[in-house]
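Me: Please take a close look at one part of this structure, the salt bridges, and then set them in their surroundings. I have not seen this structure before, so please explain the terms on the way.

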Amino acid sequence: RKKNLSLRLFAQEMETPSESMVDADLLSCMEMIEHCDDVDSTIRALLEFYQPKKMLLSTPNVEFNPILGVEGFRHLDHRFEWTRKEFQDLCKPAAVRHGYSVSFDGVGGPDEKQPERGHATQIAIFVRERPFERVVPDKGFCENEIVSTVYLSDTEKREQEKRNAEKFMNTELPESDESDDDWEGWKDDGEEELTHAETEKKGGWASEE
């Protein structure tokens, strides 16, 4: 990694967005909108309050479900699943209303036998075409940050390791309270200290001739 990567995690409602994420370079909303009860409010929050320079919005393509062997929705929490036309009919007027252009793509597929069903996941790519103008939500902004961390770049990581090593090398170790005398006559617990002669009697040392 050439640059430091800052990670901040927020937990909050769409109607009260985080002001620190307003006017972001990119907003990625992958497989999210189909879990929302109020689609219009969600789209408004994304394009009117957050106003990213670019936004990726993906959702399942219900036309692809038969290829997956899925009857009904793909997940129990999905409020809906759209055809490609339904998805585009939502995104195109929203883009015009909020000053964005939008194009469409997908991932997963198309299937070789049924290419007419399109991709498994459909993606709308929004690009802001107007200058940024700050808009305050009705409920105001909210900063409910729960995690914040920084992943260092390779260069910064090496510099930090170098600084840590230099700091360690320049650290004076505390002097020990024990003297050399404390080690003289050391013996195992419960073992008596034996003289050379006594040890010879017990066969502990071989006598030199």
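Reply: A salt bridge here is a side-chain nitrogen of Lys or Arg within 4 Å of a carboxyl oxygen of Asp or Glu. The model is predicted: local features need pLDDT of at least 70 and side-chain atom pairs count only at pLDDT 80 or more, while totals for chains, interfaces and linings use all residues. Residues are numbered from 1 along each chain as its sequence is written, and side-chain values use heavy atoms, with hydrogens and water left out.

The whole structure holds 11 salt bridges. One of them joins Asp 37 to Arg 79, with 2.7 Å between the closest N and O atoms. Asp 37 sits in the loop between strand S2 (26–29) and helix H1 (39–50), and Arg 79 in the loop between helix H2 (65–68) and helix H3 (84–98), so this pair ties together parts that are 42 residues apart in sequence. Helices (H or I, at least four residues) and strands (E, at least two) are DSSP runs, numbered from the N terminus.

How accessible are the two partners? Buried means under 20% relative accessible area, exposed means over 50%, and partly exposed is in between (1.4 Å probe, protein chains only). Asp 37 is exposed, at 65%, and Arg 79 is partly exposed, at 37%. Arg 79 also meets Asp 77 in a salt bridge, at 2.6 Å from N to O. Asp 77 is partly exposed too, with a relative accessibility of 32%.

Another salt bridge links Arg 163 and Glu 156, whose closest N and O atoms are 3.3 Å apart. Arg 163 has a relative accessible area of 41% and Glu 156 one of 29%; Arg 163 is partly exposed, and so is Glu 156. Elsewhere, Asp 23, Asp 25, Lys 53 and Arg 128 are joined into one network by salt bridges that share partners.

Next, the surroundings. The chain has five helices and six strands, and along the sequence they follow the pattern β-β-α-β-α-α-β-β-β-α-α. Strand S2, which precedes the loop with Asp 37, belongs to an open sheet of four strands in the order S2-S3-S5-S4, with mixed pairing. Two strands pair if DSSP finds at least two bridges between them. The edges are S2 and strand S4 (100–107), each of which pairs on one side only. S2 and strand S3 (residues 54–60) run parallel and are joined by four bridges; in one of these strands, S3, Lys 54 is the bridge partner of Leu 26.

Helix H3, which follows the loop with Arg 79, packs on the sheet and touches S3, S4 and strand S5 (121–128). The direction of H3 makes about 155° with that of S4. Such angles run from 0 to 180 degrees between N-to-C directions, and the axes are lines fitted to C-alpha atoms, for helices over the stretch in contact (heavy atoms within 4.5 Å).

A neighbour in sequence of Asp 37 is also worth a look. A disulfide is a pair of cysteine sulfur atoms within 2.5 Å, and by this rule there are zero disulfides. Cys 36 is in none, and its nearest cysteine sulfur, that of Cys 29, is 8.8 Å away. Cys 36 is buried, with a relative accessible area of 14%. In the chain, 26% of the 209 residues are buried.
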